Amino acid sequence: MTRAEQPTVVSPTSDTLAADSRERAVRALLRVPPLKRLWSAQLVGGIGDALALLVLVLLSLQAAVLEGSFGAGYRGAAFAVAAVFGARILSTVLFGAVLLGPLTSLTAPGGKLDRRWLMIGTDGLRLALLIIAPLWIDWVPDKALMMILITVFVAGGAERLWAVAKESAAPALLPAPPIEGAAVRPLPDHLDALRRLSLRTNFLAVPAAAVVLLIATLIGNLLGTGLEWFSFHQAALGSYVAAGLFSASISILYFLELPDTQTPRPRSPLEGLRRPTHGNTPDKGRTGALPLVVAVSAAVAGAIAAAAAVSVLHAYDLGGGPATFALLILALTGGSALGIRTAQKVLPALSRRRLLALATAVTGVALLALGLVPDTATGLALALLAGYAAGVAANIGHAIIDQETEASRQARTTEHLQAIVRVLVALGAVAGPLLAAAIGQHRLGGGDFVFDHGGAAYTLMLIGALLLPVAAIVLAKTDDRAGVPLRRDLREALRGGDPAVAPAATGFFLALEGGDGAGKSTQVEALADWIRAKGHEVVVTREPGATPVGKRLRSILLDVASAGLSNRAEALLYAADRAEHVDSVVRPALERGAIVISDRYIDSSVAYQGAGRDLAPTEIARISRWATSGLVPHLTVLLDVDPQTARERFTEAPDRLESEPAEFHERVRSGFLTLAAADPTRYLVVDAGQEPEAITTVVRHRLDRLLPLSEAEIQAIEEARRKAEEEARRKAEEEAARKAEEERLEKERQEQLARLRAEEEER
Ligand code: TYD
């Protein structure tokens, strides 16, 4: 079987190689034993921390109801919950941001505090706090809430101290850089993987803690049937399990050895809050959608946080207790984790921006219904749906943000996003219960129709309802398919399913894409000269119109007199031109091993006839795939340019497509960007606003890693190796000759010496 028959199947929607390599980097970290140990401690301690927070929420509720603080009843309970989250946020900000500087210098190598003992100490402190926590209600019934809030505050501070110690210790455990002595500092990729691992662990700790709480509550209920104490202290067992988790973390850390090396500065939870600016202009992203997408992603996260914060109240409203609470938290946060992981597979053919709006709307509707429906089972399903949709929105939002940002600025933008998300999550967690307290319990209607809901239910409805206009604004302001009915797009996306495509086995196929006036022809020429100079055969070609038939098709397509040509006919004519082009020019050249550079290829059709006109991009791609038997370029360079700027570059009278209105060209541009974002390994997006030489340099950099070696290059390498070998041989021979000469002289000297001695003796 030849390589052509055995293609690597790549589809534009498959998980990208880049994401895959990041994933591998994260896994690789866990193969370093001390890091794995530290990570286990973080996971166990993280679950303990989340569980402790859930338990303390339950205890605060119980204390508030018993002592009637904040005014008795529903309002008092809701205030107590808000106070718990408030205390936690206060300590996180205080210890994580305000005291970060002094803490860091204390834990630095050679500082006053040993990092391992700091972690063990803060674990021990939390262990003690959680053993005592359920007892406050018995000991000081009228001050129990106060004591629980203090517990929350201290435990939150302990968590931050732990994190500071861990963040300053972890990078020192990273594997050494591959080049010996290159740098003592860890590689940026490793640090990035470390951050990802840490973020993921913290996030998964919450649903895991909900599962533990659920199990502990069920066991506690069983014990409660026999033991009076456990039926009163429903959350006690959860508290003890959390204490147990901290002791497990201690025993893991006890055997951990930390090298005493200088490490990077730990990060504050507020890091990244300042806008990532470039010069003085605020960064709006490639198409200006960046601020809105950041805002929506954070709003959805905040909504889920608010829902989670009121879920304890809602659980009691539904007639449940700690178990229902644990289930609601599990559905919301576990659903989100699932949504983040599987988002790329959700309706892959739908425009990502439309999917973001859709996921936001689904989150809103699900939260609204969760507040409305007074049934536990339905409520749990709705909470799961809300969590899942929010997870999808988070992932897609992030993908769009990456697509909007230059590669060099992506890390900073992500950090900025995460900081805003943290702020909104904190805000949601406090505002949710406060709102529930402000609304209180209400009973509407009478007779057969009774609408009896707590403040939590109204809060859920309100948050859900607020997300709907947010979704509408995203759709209105960032839509890259304006003018195409959403319903039709959705139907197409649901049908889905793309046949496989593959690059050629020999030669190298490079496509240049971009809107009119992006400067493709200049780049094609410059790159062709450069590649030719390496000794390759280069075939420069274009679409439409590279073949005799193609030339006639081109004149039909671009003639202003063809105005009114139907969209489908236009798509098929471009596909016909392409079929002829691939068959008679591109494939034969690739089979000879040539480097083919095409000015435009399939993506132009997907962007112009798909995204630009109101045809489904997937259908257009399918037609082209059929026309080319699935031949895709090894690399597609997208020269991205603002259509307005490009228009100013036109020198000749505009052809039929160039005369299309501005919105058309905007849609074409996002069409190209969407394709590129789906497969970063096979695309290179370059800002075409730069000087032509700068653009060529960027492309050459990428090509240097991808192009096969030419005959001339292989010969040159051979030649160099031969020369080096010859040189080495010559050196060796010289050395041998020198040695022989030395030995000869030495022998002569010895002989002379012997002779002299003999003469002496004779005398
Ligand atoms: P191009 O040859 O780049 O035009 P010019 O030589 O005037 O710069 O492309 C001609 C036009 O055809 C351009 O506006 C884009 C359009 N086009 C499509 O709409 N679909 C396609 O599949 C291709 C290849 C081009």
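A nonpolar surface patch, as I will use the term, is made of nonpolar side chains joined within 5 Å, each belonging to a residue that has over 30% relative accessible area and no salt bridge. With that in hand, let me begin with the patch itself, and please keep in mind throughout that what we have above is a predicted model.

The nonpolar patch covers about 480 Å² and is made by V93, L94, V98, L99, L270, L273 and V423. Helix 3, which spans residues 73-98, supplies the largest share of this patch, namely 3 residues. V93 is found in helix 3, and with a relative accessible area of 31% V93 is partly exposed. Since a patch residue needs over 30% relative accessible area, you can see how V93, at 31%, meets that cut-off.

Let me step back to the whole chain for a moment. The protein chain has 763 residues, of which buried residues make up 47%, and its secondary structure comes to 26 helices and 9 strands. Taken along the principal axes, the C-alpha atoms fill a box of roughly 120 × 105 × 55 Å.

Now to helix 26, which runs over residues 711-762 and includes E760. E760 belongs to a negative surface patch that is formed together with E759, E761 and E762, and E760 is exposed, with a relative accessible area of 54%. A737 is also found in helix 26, and it is partly exposed, its relative accessible area being 46%. If we take A737 and S105 as a pair, they are 632 residues apart in sequence, and their C-alpha atoms are 63 Å apart in space.

Beside A737 in the numbering we come to a salt bridge, that of R738 with E742, in which the closest N and O atoms are 3.1 Å apart. Where do R738 and E742 stand relative to one another in helix 26? They are 4 residues apart in that helix, which means that about one helical turn separates them. Both partners are partly exposed, R738 at 42% relative accessibility and E742 at 48%.

Turning to the salt bridges more broadly, the structure holds 34 of them. Side chains of opposite charge can pair when their charged atoms come close. One of these bridges joins R126 and D49, with the closest N and O atoms 3.7 Å apart. R126 lies in helix 5, residues 115-132, and D49 in helix 2, residues 33-67, so this pair ties together parts of the chain that are 77 residues apart in sequence. Are these two partners buried or exposed? R126 is buried, with a relative accessible area of 3%, and D49 also counts as buried, at 12% relative accessibility.

Another bridge links D679 with R682, where the closest N and O atoms are 3.1 Å apart. Here D679 counts as buried at 3% relative accessibility, and R682 is likewise buried, with a relative accessible area of 14%.

Helix 17, residues 486-495, gives us a view of two faces. On one of them D489, E492 and A493 are buried, and they cover an arc of only 100 degrees around the axis, which puts them on the same side of helix 17. The face turned away from that buried side carries R487, L494 and R495, which are exposed.

I will finish with the backbone. Most residues other than glycine have a negative phi, and most peptide bonds are trans. Against that background, L347 has a positive phi of about 40 degrees although it is not a glycine. L347 sits in the loop between helix 12 (322-342) and helix 13 (352-372), and it is buried, with a relative accessible area of 16%. R600, a residue other than glycine, also has a positive phi, near 80 degrees. Its place is in the loop between strand 7 (595-599) and helix 21 (602-612), and at 11% relative accessibility R600 counts as buried.

Which peptide bond should we look at for a cis geometry? The bond from E543 to P544 is cis, with omega near -10 degrees, and P544 lies in the loop between strand 6 (538-542) and helix 19 (548-558).

Notes
Residues are numbered from 1 along each chain as its sequence is written. This is a predicted model: local features need pLDDT of at least 70, side-chain atom pairs count only at pLDDT 80 or more; totals for chains, interfaces and linings use all residues. Side-chain values use heavy atoms; hydrogens and water are left out. Patches are made of residues with over 30% relative accessible area and no salt bridge: like charges are joined within 9 Å, nonpolar side chains (Val, Leu, Ile, Met, Phe, Trp, Tyr) within 5 Å. Accessible areas come from the Shrake-Rupley method with a 1.4 Å probe; for residues, only the protein chains shown count as cover. A salt bridge is a side-chain nitrogen of Lys or Arg within 4 Å of a carboxyl oxygen of Asp or Glu. Lys and Arg count as positive and Asp and Glu as negative; His and the chain ends are not counted. The place of a charge is taken as NZ of Lys, CZ of Arg, CG of Asp or CD of Glu. Buried means under 20% relative accessible area, exposed over 50%, partly exposed in between (1.4 Å probe, protein chains only). The arc is that of the directions from the helix axis to the C-beta atoms.
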